[in-house]
Amino acid sequence: MVMTQRIAVLGATGSIGDSTLAILAAHPHDYEVYALSGYQRLDKLFALCQQFIPKRVCVAVDSVNEFAQRLNQAGLKIDVVGGAAGLIDIATDSQVDTVVAAIVGAAGLPSTLASARAGKRILLANKEALVMAGQVMIEAVKTHHSILLPIDSEHNAIFQCLPPVIQQDNTQIHERSHGVRKLWLTASGGPFLQQSFSQMQKAGVAEAVKHPNWSMGQKISVDSATMMNKGLELIEACHLFDLPENKINVVIHPQSIIHSMVEYSDGSFLAQLGSPDMKTPIAHALSYPARINSGSQPLDLYALSALEFIKPDLQKFACLHLARQAMQSGTQATIVLNAANEMAVAAFLAGQVRLTDIADINEQALSQVQVSTLSANADIDDILAIDGIARRYTEVLIAKMA
Ligand code: NDP
Ligand code: MG
């Protein structure tokens with residue numbers, strides 16, 4: 001008899017949440033939606049509770065009572081918990097097999113780390129968790145025999161192109177033992193690929209979040225426009241695959257058909273192709289090592305035009321360069337970069353700074369914020385302390401610029 005996988009979707013009201021729940025709804029015998037979380041979009045969360053009837057749900061601390069009442073009135077018996085502690089409670093619930101880590105930003109770190117320490121199977125979308133706490137996360141995964149499966153499309157593509165022996169223990173990739181020479185992260189180049197820097201400078205929010213190929217949440221859409229997203233993904237890949245940043249190349253591939261590649265020492269490049277639809281990597285990780293129908297549109301190879309590959313312009317997309325620099329400096333620098341970037345993106349979305357100011361803010365934070373090197377036994381409190389210092393610095397910087 002096939003066991004039903006019990007799933008907690010943290011970040012259920014977001015874009016990754018949508019794609020995940022569409023797959024889960026299509027396979028009700030294989031997956032049980034055990035828990036959901038939302039934050040501000042509570043009407044949407046309520047509708048999801050009516051549709052999936054999870055056992056547990058997490059909202060912001062201030063919303064717990066009202067949301068619990070609303071569920072009660074609708075006759076839904078669902079346990080409601082709140083805030084960061086509630087997310088951790090759900091992530092470590094003994095009934096949960098799989099945690100889909102799809103909260104955006106640093107807010108996703110504590111529950112993702114808790115899932116690892118509880119030995120869960122983790123479908124990781126929240127790249128910021130690895131950017132902030134890569135070593136701590138990977139250590140926790142190994143110690144507690146958690147299974148970490150990337151659903152960020154590039155990392156999922158690389159995972160699929162790696163030999164099974166590495167997939168099962170996705171650390172320690174060596175050219176000699178596995179023949180892996182380099183990883184190639186593909187990037188769409190975002191909405192400003194064909195535009196000048198001065199056009200980018202004038203861009204409003206609507207233009208910046210209008211991604212050419214993918215439909216995503218606002219923060220990651222802005223990150224794609226500045227290519228900070230690829231910078232964060234570079235750091236994510238270093239941790240996931242245990243490689244230094246100089247073993248990972250970035251190439252712009254505007255069609256977003258090849259989702260990333262692994263280059264082998266014999267000259268082979270293995271690539272994963274598919275329609276730009278997050279349901280494919282999510283379904284892959286949900287059912288791994290089996291395969292299920294994701295509901296995504298199959299790729300129509302006859303309808304495809306040429307596939308292009310372009311070297312990124314690091315002056316126009318300075319964030320990509322900053323991410324390499326931060327990775328070379330160490331985790332304290334990647335924490336600072338991530339914190340500054342979250343603040344800068346929020347300021348851009350609030351109309352306080354220009355899109356092109358994001359790279360300047362990130363660069364200043366990286367060079368000016370004074371933090372000491374993280375020790376080998378650093379834990380989440382040390383990481384959050386650096387995150388806090390960087391946020392305070394960036395807040396003042398943004399206030400001066402706005
Ligand atoms: P969305 O903005 O669409 O969704 C974010 C989710 O996080 C929502 O459920 C939101 O709740 C919740 N949330 C936001 N802030 C908090 C908080 N402080 N505490 C608890 N929950 C919070 O983002 P995406 O789905 O696009 O992205 C989610 C993650 O996945 C990001 O880390 C992103 O980088 C990564 N990712 C996304 C991809 C995509 O295609 N969208 C592709 C690859 C990676 P609410 O909406 O109710 O406020
Ligand atoms: Mg990605």
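Okay, let's start right at the ligand: in this predicted model, an oxygen atom of ligand 1 sits 2.6 Å from an N or O atom in the side chain of Arg41. The protein covers 89% of the 900 Å² of accessible area that ligand 1 has on its own. Those areas come from the Shrake-Rupley method with a 1.4 Å probe, and for residues, only the protein chains shown count as cover.

Quick housekeeping. Residues are numbered from 1 along each chain as its sequence is written, while chains are lettered from A and ligands numbered from 1 in the order in which they are written. Local features need pLDDT of at least 70 and side-chain atom pairs count only at pLDDT 80 or more, whereas totals for chains, interfaces and linings use all residues, and side-chain values use heavy atoms, with hydrogens and water left out.

Back to the ligand. Which elements give two or more residues to the shell around ligand 1? They are α1 (15–26) and α6 (127–143). Helices here are DSSP runs of H or I with at least four residues, strands are runs of E with at least two, and both are numbered from the N terminus. There are 23 residues around ligand 1, and Thr13, Tyr39, Gln40, Arg41 and Glu128 come nearest; to be near, a residue needs a heavy atom within 4 Å. Backbone atoms turn up too: a polar one of Gly11 is 3.3 Å from an oxygen atom of ligand 1, and an N or O atom of the Gly14 backbone also lies 3.3 Å from a ligand oxygen.

So where does ligand 1 lie? Domain 1 (5–150) and domain 2 (153–325) both give residues to its shell, so ligand 1 lies between them. The bounds come from an automatic or database domain assignment, which also gives domain 3 (330–402). Between domain 2 and domain 3, 23 residues of the former are in contact with 16 of the latter, where contact means heavy atoms within 4.5 Å. Taken over C-alpha atoms, the centres of those two domains are 24 Å apart.

Now a pair I like: Asp93 and Arg56. Asp93 is in the loop between α4 (83–91) and β5 (98–101), and Arg56 is in strand β3 (residues 56–59). Their side chains make a polar contact of 3.0 Å. That term means a pair of N or O atoms within 3.5 Å; within protein, one must be able to donate a hydrogen and the other to accept it, and residues adjacent in sequence count only if both atoms are side-chain atoms.

Buried or exposed, what is Asp93? Asp93 is buried, with a relative accessible area of 10%, and Arg56 is buried with a relative accessible area of 10%. Buried means under 20%, exposed means over 50%, and partly exposed is in between (1.4 Å probe, protein chains only). Leaving out residues up to four places away in sequence, Asp93 touches Tyr34, Arg56 and Lys120.

Then there's Gly134, in helix α6. Gly134 counts as buried, at 0% relative accessibility. Beyond residues up to four places away in sequence, Gly134 touches Ala129 and His239.

Last stop, helix α14 (residues 279–287). Eight of its nine residues are buried, among them Pro281, Ile282 and His284. The buried residues of α14 pack against several elements, including β1 (5–10), β2 (31–37) and α7 (153–161).
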